[in-house]
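Student: I have a structure to study and some questions about it. Can we work through them one at a time?

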Amino acid sequence: MPEAQIAGFRARLAAMLTDLQAQSAHSAEDRRAVALDQQSVGRLSRMDAMQRQTMAKATHARRTASESRIRAALARIDAGAFGYCTECGEKTAAKRLDLDPTVPTCIACAR
């Protein structure tokens, strides 16, 4: 794979990582514990807050998994193994990497 193309993937992955980290920082408040103060917050409002917290935690877990995939792809770039399947060692199709640069395997191994 040409160096310019790899540099493009590196920049794209770095931008994806920065975006995920910013989203995670922005939603940190929603993941905090819900207060038990029944005086200022009614029962239904508290249930809404708990649901919002649960959804924020699930979203954070998905973001964390995405960050791990991005870091792994960046590590493969640093190791000179980006664009090669981690299972069989064959080249991964460029269109597959264009669609999702974090994929570690070729289409045959992914099946």
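**Core, cysteines and zinc finger**

Tutor: Start with phenylalanine 9, which is found in helix 1. Keep in mind that this is a predicted model.

Student: Is phenylalanine 9 buried or exposed?

Tutor: Look at its relative accessibility, which is 4%. Buried means under 20%. So phenylalanine 9 counts as buried.

Student: Which residues is phenylalanine 9 in contact with, leaving aside its neighbours within four places in sequence?

Tutor: Contact means heavy atoms within 4.5 Å. With those neighbours left aside, the partners of phenylalanine 9 are Met1, Ile77, Phe82, Leu97, Asp98 and Pro101.

Student: What distance separates the C-alpha atoms of phenylalanine 9 and leucine 74?

Tutor: Along the chain, these two are 65 residues apart. In space, their C-alpha atoms are separated by 8.8 Å.

Student: Which helix gives the most to the largest nonpolar core?

Tutor: That core has twelve residues in all, including Phe9, Leu13 and Leu74. Two elements give two or more residues to it: helix 1 (3-26) and helix 3 (43-79). With five residues, the top contributor is helix 1.

Student: Leucine 13 is in that core too. What is leucine 13 in contact with, beyond its neighbours within four places in sequence?

Tutor: Several of its partners are core members, among them Ile70, Ala73 and Leu74. The full set for leucine 13 is Ile70, Ala73, Leu74, Ile77, Phe82, Pro101 and Thr102.

Student: Now the cysteines. How many disulfides does a search of the whole structure find?

Tutor: A disulfide needs two cysteine sulfur atoms within 2.5 Å. For cysteine 88, the nearest cysteine sulfur is that of cysteine 109, 3.7 Å away. For cysteine 109, the nearest is that of cysteine 85, at 3.6 Å. The search of the whole structure gives a count of zero.

Student: Are cysteine 88 and cysteine 109 buried or exposed, or something in between?

Tutor: The in-between class runs from 20% to 50%. Cysteine 88 has 40% relative accessibility. Cysteine 109 has a relative accessible area of 32%. Therefore each counts as partly exposed.

Student: Which residues does the UniProt annotation "zinc finger region: dksA C4-type" cover?

Tutor: The annotation comes from an unreviewed UniProt entry. It covers residues 85-109.

Student: How far apart are the end C-alpha atoms over residues 85-109?

Tutor: Over this stretch the chain is 36% helix and 0% strand. UniProt also lists residues 80-111 for "domain: Zinc finger DksA/TraR C4-type", again in an unreviewed entry. The end C-alpha atoms of residues 80-111 are 24 Å apart. For residues 85-109, the value is 8 Å.

Key: Residues numbered from 1 in each chain as written. Predicted model: local features only at pLDDT ≥ 70, side-chain atom pairs only at ≥ 80, totals over all residues. Heavy atoms only, no water. UniProt positions renumbered as here; feature names shortened; annotations may be inferred. Helix = DSSP H or I, 4+ residues; strand = E, 2+ residues; numbered from the N terminus. Core = buried A, V, L, I, M, F, W, Y, C linked by side-chain atoms within 4.5 Å. Buried < 20%, exposed > 50% of the residue type's maximum accessible area, 1.4 Å probe, protein only.
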